[in-house]
Amino acid sequence: TPVVKREDYAAPAFLVDSVDLCFDLDPAKTRVLNKMRLRRNPAVAAQPLRLDGEDLNLARVLVNGEGSSFKLEGKQLVLEKLPEGEEPFELEIFTTCAPAKNSKLMGLYVSQGTFFTQCEAEGFRRITYFLDRPDVMASYQVTLRADKAAYPVLLSNGNLVEQGDLDDGRHYARWVDPHKKPCYLFALVAGQLVAREQRIRSRSGGEHLLQVYVRPGDLDKTEHAMNSLMASIAWDEARFGLPLDLERFMIVATSDFNMGAMENKGLNIFNTKYVLANPATATDADYAGIESVVGHEYFHNWTGNRVTCRDWFQLSLKEGLTVFRDQEFSMDMAGSVSARAVKRIEDVRVLRSAQFPEDAGPMAHPVRPDQYAEINNFYTVTIYEKGSEVVRMQQTLVGREGFARGMKLYFERHDGQAVTCDDFAQAIADANPDSELARLLPQFKRWYSQAGTPRLHASGYFDAEARRYTLTLGQSCPATPGQPSKKAFVIPVALGLLDAQGREIEGSARTVVLSETSQTVVFEGIDAAPVPSILRGFSAPVILEHDSSDAELLTLLAHDSDPFNRWEAGQRLALRRALAAVQSADAVHQPLDAAYLDAMRAILRAPELDAAFKELVLTLPGEGYIAEQLDEVDPQRIHAVREAMREQLAHALQEDWIQAFEAHQDNGAFRPDPVSSGRRALAGLALNMLCLAARENGNPVWPGKALQRFKDAGNMTDRVNALSALVGSGSALAQPALERFHALFKGEELVLDKWFALQAGAPDRGGNILPLVKQLMQHPDFHLRNPNRARSLIFSYCNANPGAFHRVDAAGYRFWSERVLEIDAFNPQVAARLARALDRWKKLAEPYRSAAREAIARVAAKADLSNDVREVVTRALA
Ligand code: B3K
Ligand code: ZN
């Protein structure tokens, strides 16, 4: 498969001033008339015009109103005889496409009778021939024509300027986007939809119409999305001075969507998962997800849309920055110091459990990649989450106000342009000329060019006589594909010292900027050996290697002023015990000791700590995270060890779990705020633990209580927590509860996704999960072609249930390869995501390793794989 390289970037030979699109919408055959005004780019030597197209039927090409000669070369339409000179000319292209047959969900497609589009990254070429690249920005006007009864609502980007009836029961609408945009931000929607509407006046006095479009019947689930949108608009103005630049801003929800949502200018299209919520159907996690994704897409309006990417290698320019913005937004919305820390811990957990493995595996790539075979494979946790950390470090290095100044300069310089990651970092640095970022900019930018997770080595030395503590910080970074050796990064390390009683030593807190391979930090006037708290708030995306004693970790867990490092100390204590048990030759037995259990009890009982924070501390590191710490991975052993740890926590703290469960019962109206959601989370964990403990001793009290709670729950969070307590503990009450759950939520697609996911993700007891997953694939509610449903069953099994997936008989891997091939035949993007489930196969112990390799090879052996899956499996086998 051909590879696209960053170094091959060349400016476009033609520029598009304006695009006038006219659609005659019909599921079987939609006709698209595309009238463009183009000019030659004076900065580029004359060459033929090459337009991208895919799965289109070309009917006619006119240049300045006259028939013109053209060639089709591969997927491109090539026009050689075009007017010379710099004068604009008109190009008219008439094509048809078949939206109802579009199973890839890229370009124009039909979902439940409604037309939707998805153009990023390269879907616009499936709608019409075009210069499908983000650095070609044009003005758009769009006319939509369709049957009025079947498609009463006709939407596109910008403002509605005209609408009316046509013959034969058809009607039309005409939209004009006042802003220039790259074609990946084009969108249209046509169908039977209803909208929640809200008029707002912004800080600067502008009036705007906000609309959230959903299917009839779903309006009662749109309040939270609308509130999140209003909060996002207010936040971007308050924090960054960035106003809404449109009269109308629309969000439309669809059930068939390859990812979370899409930031099309003025017409965001969302997966229903990130729009629809009411207390009966959505959990606290769903509410939080909606707030952050609505924020994310809205924030793209400036970071992505007003200033876009020069080429797709710069994807993190908009994605890393916009994730950073949505994380900051959620933190600001959370309010309290503790709730902010909880959000930070959750974000770091995602980074470490998903991005660190990516950075250590065959798909490792820099935040700004150098090459790709398929751009859709590069919408990764590295581009998004690590990219966000790279922006966060810039803020750390210039301060919060300095960062806001940098953003202002970025927009002054680049509004309306398609730019690079370099341009962004340069603006932040230039706005803060005296900062460490400005001083170290070229070196700092290695975060964009070098892949791999750096190790931060720390060791302390206390000189009692000199009353001096010396902390030595060092760094290294492992090789990644194509990058055998790495140069030193710029690593901001926030740290402080605690005394033996756990009190912060005055004046010790600081942010050290590590830019050498090794550096020392000296603290004078220290009376006794201190306990260092290093990498507070996770100030850089690195792996901290520091030989702290258990005693030091226990001190940090009990006393650190930095909540992140308090949590981290607890994780390290648990991880240490998990690794010891995994690596021991003995049978798995009670990996936890009294010191750890007492510390956990103290956290659980601490009156001053928030429930949400307690729930995070009391949750053990995941199996995937444990696996990453090992050179050779036996997933079954890890699973057994973690289960044994959970059971021990359940038993040893039983009285405390009872107390926690009872102290966190709320009966008022459901509110998804951080305090109440934290209380539900802790009560849910407690109930899980109590049912787990009951499994051993056969006491039916807690499973009975869980069933009761499942039945009476006033909201979906409590209901699903109770159900998962039953399922997770293998209770006999689980099956009837699952049946009842299904009956209660028959028509609720998003709830049925939970029902499938819960079963596919349940602990494996004697190899029962794979047969269950296969059986559930035959369920009348299972639809492989619906990405949410495929994810809920198949991804939950292959990607999120290692104990059930990694089977000694290799049946999990066989199932995986069959599904990858099956899905690839109709939706390569979704298939390529699934294909990544075995990324880390080289770390597996035998017999898993050989079996996994064989399964990947089986996929690779198929002749007509998509580019997407081909790239993933080729890299995996390399
Ligand atoms: N920009 C889109 C992602 C498009 C993915 C295309 N394969 C959503 C987002 O990041 O906001
Ligand atoms: Zn994004």
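Which residues are around ligand 1? Select ligand 1 in this predicted model and show its surroundings: E120, A121, M259, A261, M262, E263, H296, E297, H300, E319, N376 and Y379. Two elements give two or more residues each to this shell, β21 (261-262) and α2 (284-300). The largest share comes from α2, with three residues. Colour the shell by residue class and it splits into five nonpolar, three polar and four charged residues.

**The loop at A121**

Stay with the shell and select E120 and A121, both of which are around ligand 1. The peptide bond between E120 and A121 is cis, with omega near -5°. Follow the backbone outward from there: A121 sits in the loop that runs between β11 (114-118) and β12 (137-147).

**The sheet that holds β21**

Next, select the strands of the open sheet that includes β21. Its five strands come in the order β18-β19-β20-β22-β21, and the pairing is mixed. At the edges are β18 (194-201) and β21; each has a single partner strand, so one side of each lacks a neighbour in the sheet. Strands of a sheet pair through backbone hydrogen bonds, in either the parallel or the antiparallel sense. For one pair in detail, show β18 together with β19 (residues 207-214), which are antiparallel over eight bridges. Within this pair, I200 stands opposite H208 of β19.

**Helix α3**

Return to the shell residue E319 and select helix α3, residues 315-334. At 1.5 Å a residue, the 20 residues of α3 should span 28 Å, and the end C-alpha atoms are 28 Å apart, which agrees. Of these 20 residues, 18 are buried, so α3 is largely enclosed by the rest of the structure. Just after the helix comes G335, with a positive phi near 95°.

**S388 in helix α5**

Now select S388, in helix α5 (residues 381-414). Which residues is S388 in contact with, leaving aside its neighbours within four places in sequence? They are G320, V323, F324 and Q327. Is S388 buried or exposed? S388 has 27 other C-beta atoms within 10 Å and is therefore buried, the cut-off being 20 or more. For a distance across the model, draw a line from S388 to F130: the two are 258 residues apart along the chain, and their C-alpha atoms are separated by 31 Å.

**Two residues with positive phi**

Select D55 in the loop between β4 (49-52) and β5 (57-63). Phi of D55 is near 55°, a positive value in a residue other than glycine. With 16 C-beta neighbours inside 10 Å, D55 counts as partly exposed.

Then go to F538, in the loop between β31 (531-534) and β32 (543-546). F538 is also a residue other than glycine with a positive phi, near 55°. F538 has 22 C-beta neighbours inside 10 Å and counts as buried.

**The C-terminal stretch**

Finally, select residues 550-878, where an unreviewed UniProt entry places the feature "domain: Peptidase M1 alanyl aminopeptidase C-terminal". Over this range the chain is 69% helix and 0% strand, and the end C-alpha atoms are 40 Å apart. Inside the range, stop at E846 and P847, which are joined by a cis peptide bond with omega about 5°. P847 belongs to the loop between α26 (828-835) and α27 (848-860).

How values were computed: Residues numbered from 1 in each chain as written. Chains lettered and ligands numbered in written order. Predicted model: local features only at pLDDT ≥ 70, side-chain atom pairs only at ≥ 80, totals over all residues. Helix = DSSP H or I, 4+ residues; strand = E, 2+ residues; numbered from the N terminus. Expected span 1.5 Å × (residues − 1). Buried ≥ 20, exposed ≤ 12 C-beta atoms within 10 Å, placed from the backbone. Near = placed C-beta within 6 Å. Nonpolar A, V, L, I, M, F, W, Y, C, P; charged D, E, K, R; others polar. Contact = placed C-beta atoms within 7 Å. Pairing = 2+ DSSP bridges. UniProt positions renumbered as here; feature names shortened; annotations may be inferred.
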